[in-house]
Amino acid sequence: MSARLDRIDLKMLRLLQKNGRLSNAELADQVGVSPATCHRRTQALFDEGYVSGVRAMVAPRKLGKGTLVMVGVVLDRSTPESFASFEQAVAKLKCVLDCHLVAGDFDYFLKIRAGDVDDFKRIHGDQLIALPGVRQTRTFFVMKEVVDNAALEF
C-alpha cells in the first residue's frame, strides 16, 4: 500500500468499495471532510489508479446467465508468443468474465457465464477449443457460489 494514502483515503476506498453509488456529499459526510476536499481526493484516487472504475453488479440469473463455469486451459507451447496470441484472442470473447495466467497444471483459468449446460457446450465447441494454441481444457461447473467478488480487505 502506498505511503501516500492516509486514513481518510483508505476510509473513502472502503466506503466506495461497499457502495459505488455514494454521492460526493454522502461520502464527504461519512469521512468527515468538505465536499470540495472529498471531490479532489476522489479524483486523485482515480487519477493515481487506486480506483479503476465503477460499475453496477448485474444479477446473472435475471439475464439468463445463471451457469458459472471455470475452465482450466493448457496450451500446446509455453512461449511468450503463444501466451500473447491466446490472450489477445480470449480477450475478445464476450462470455469470458475473467482470464488468469496461473502456475501449476494449467496455463490459464477462465471464468465463464453461460445460460445452461447446452449453452456452455456451444461456447466450448465454437469458441474455447478454437482459441490459438489450446491443447486441452478441463471444465468445472460451479455448484454454489459461496464468495464472489468480495471486497478487498486493507
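User: In this predicted model, what covers the buried residues of helix 2?

Analyst: Helix 1 (7-18) and helix 3 (35-47) are among the elements covering them. The buried residues in helix 2 (24-31) are Leu-27, Ala-28 and Val-31.

User: What makes you say that those buried residues line one face of helix 2?

Analyst: Look down the axis of helix 2: the buried residues fall within an arc of 100°, so they line one face. It fits the general geometry: an α-helix has 3.6 residues a turn, so residues three or four places apart point the same way. Just past helix 2, by the way, Gly-32 has a positive phi of about 80°.

User: Why is Cys-38 called buried?

Analyst: Buried means under 20% relative accessible area, and Cys-38 comes in at 0%, so the label applies. Cys-38 also belongs to a core of 15 residues, along with others including Leu-13, Leu-22 and Leu-27.

User: And why is Cys-99 called partly exposed?

Analyst: Its relative accessible area is 31%. That value sits between the 20% and 50% cut-offs, so Cys-99 counts as partly exposed.

User: How do you know that Cys-99 is in no disulfide?

Analyst: A disulfide needs two cysteine sulfurs within 2.5 Å. For Cys-99, the nearest cysteine sulfur is that of Cys-95, 11 Å away, so there's no disulfide there. The structure as a whole holds zero disulfides.

User: Which elements each supply at least two residues of the largest nonpolar core?

Analyst: Strand 1 (67-75), helix 4 (80-90), strand 3 (108-114) and helix 5 (117-128) do. That core has 20 residues, and Val-73 and Phe-86 are among those touching the most other members.

How values were computed:
Residues numbered from 1 in each chain as written. Predicted model: local features only at pLDDT ≥ 70, side-chain atom pairs only at ≥ 80, totals over all residues. Heavy atoms only, no water. Buried < 20%, exposed > 50% of the residue type's maximum accessible area, 1.4 Å probe, protein only. Helix = DSSP H or I, 4+ residues; strand = E, 2+ residues; numbered from the N terminus. Arc of directions from axis to C-beta. Contact = heavy atoms within 4.5 Å. Core = buried A, V, L, I, M, F, W, Y, C linked by side-chain atoms within 4.5 Å.
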